[in-house]
Amino acid sequence: MTDQVPQDPPAPTGAVTGGASLVSESIVNGIGGRRGLLDSGLPTAVFVVVYLATGSELMPSVWAALGAGVVVVVVRSVRREPLQQIFVGFCGVAISAFLAARTGRAEDFFLPGLLVNAVYGAAFAGSALVNRPLLGYAAGALTQDLTSWRDDPASLRAAGAATWLWAAMFGLRLVVQVPLFLAGMVGALGVAKLVMGWPLYLFAAYLSYRILRGVLPGGRATSQTDD
């Protein structure tokens, strides 16, 4: 009779898949969750609709956007959602409204968002250029193994590709929206911001999940069974 060495049971495929999906979930949650993404677009949509409906009247549009921001704050507070996300979101709307009212230029309502995209795009691109891709660290933090993925060339490449994906997303926004901003095309700029807002975020998050499955433990095995 021979001794048998006990082996650990294989991890359930569903658990592995769920762990991998946390990468994209964490990115979305970092900007307020799916509801937060929708809420962030409401003040912009209200601003553009009122601006066009009133024949390019700035102040009614500014106050309408602030009012929409207040509605979002009240609704999310009643739902007892995180106050930090509520505060950050409303501050963004308030800064945009203040800047537009101060300069008298409706397009300046969108300037803070353009600057944020430029900063994020530079950060993601810079981290990829120096071979320290931010998405790799995000995946490592979720698996409680912050840096070991850097020792695996395939994981490092996957993290770099996902990071460049996000840099490209922020860059694409600037390529499309900056010319509209400079031309003062407020309606087109608002539509572009909404279209390239939360739908593009969720699409990038999904693609990141597809790319970064190989970075997480068991991710490559999961990829082979999924494809």
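The following exercises, each with a worked solution, concern a predicted model of a protein chain.

**Exercise 1. Determine what secondary structure the protein chain contains and in what order its elements run.**

Solution. Begin with the count: the secondary structure comes to 10 helices and 0 strands. Next, follow the elements from the N terminus, which gives the order α-α-α-α-α-α-α-α-α-α. Then consider burial: of the 227 residues in the chain, 39% are buried. Finally, turn to the contacts with a separation of 6 or more, of which 67% join residues 24 or more positions apart.

**Exercise 2. Establish which parts of the model carry low confidence.**

Solution. Take the chain as a whole: its mean pLDDT is 80, and 75% of the residues reach 70 or more. Among the elements, helix 5 (residues 111-129) has the highest mean pLDDT, 95, and helix 10 (residues 219-226) the lowest, 45. Over residues 1-20 the pLDDT is below 50, and this stretch has 12 contacts beyond near neighbours in sequence. Residues 217-225 also stay under 50, with 15 contacts beyond four places in sequence. Where pLDDT is low, the predicted coordinates should not be read in detail.

**Exercise 3. Describe how helix 7 packs against helix 9.**

Solution. First, compare the axes: those of helix 7 (residues 153-183) and helix 9 (residues 198-212) come within 9 Å and cross at roughly 165°. Because angles over 145 degrees count as roughly antiparallel, helix 7 is roughly antiparallel to helix 9. The crossing is right-handed. Second, identify the residues that meet: helix 7 contributes A158, A159, A161, A162, L165, W166, M169, F170 and R173, while helix 9 contributes L200, Y201, A204, A205, L207, S208, I211 and L212. Third, sort this contact by class, which yields 15 nonpolar, 1 polar and 1 charged residues.

**Exercise 4. Describe how helix 7 packs against helix 8, and state the handedness of the crossing.**

Solution. The axes of helix 7 and helix 8 (residues 186-195) lie 9 Å apart, at an angle of about 160°. The two helices are therefore roughly antiparallel to each other. Their crossing is left-handed. The contact involves V176, Q177, L180 and F181 from helix 7, together with A188, L189, A192 and K193 from helix 8. By class, the residues of this contact divide into 6 nonpolar, 1 polar and 1 charged.

**Exercise 5. Decide whether R173 is buried or exposed, and list what R173 touches.**

Solution. Locate the residue: R173 is found in helix 7. Its relative accessible area is 7%. Since the cut-off for burial is under 20%, R173 is buried. Leaving out residues up to four places away in sequence, R173 touches N117, V178, M196, G197, L200 and Y201. Two of these partners, L200 and Y201, are listed on the helix 9 side of the contact with helix 7.

**Exercise 6. Place A204 in the structure and characterise its surroundings.**

Solution. A204 lies in helix 9. Its relative accessibility is 3%, so A204 counts as buried. Apart from residues up to four places away in sequence, A204 touches L165, W166 and M169. These three partners appear among the helix 7 residues that meet helix 9. As a last step, compare sequence with space: A204 and A168 are 36 residues apart in sequence, and their C-alpha atoms are 9.8 Å apart.

Definitions and conventions. Residues are numbered from 1 along each chain as its sequence is written. This is a predicted model: local features need pLDDT of at least 70, side-chain atom pairs count only at pLDDT 80 or more; totals for chains, interfaces and linings use all residues. Side-chain values use heavy atoms; hydrogens and water are left out. pLDDT is the predictor's confidence in each residue, from 0 to 100. Helices (H or I, at least four residues) and strands (E, at least two) are DSSP runs, numbered from the N terminus. Contact means heavy atoms within 4.5 Å. Buried means under 20% relative accessible area, exposed over 50%, partly exposed in between (1.4 Å probe, protein chains only). Axes are lines fitted to C-alpha atoms, for helices over the stretch in contact, and angles run from 0 to 180 degrees between N-to-C directions. Angles under 35 degrees count as roughly parallel, over 145 as roughly antiparallel, 65 to 115 as roughly perpendicular and the rest as oblique. A crossing is left-handed if the near helix is turned anticlockwise from the far one by less than a right angle, and right-handed if clockwise. Ala, Val, Leu, Ile, Met, Phe, Trp, Tyr, Cys and Pro count as nonpolar, Asp, Glu, Lys and Arg as charged, and the others, Gly among them, as polar.
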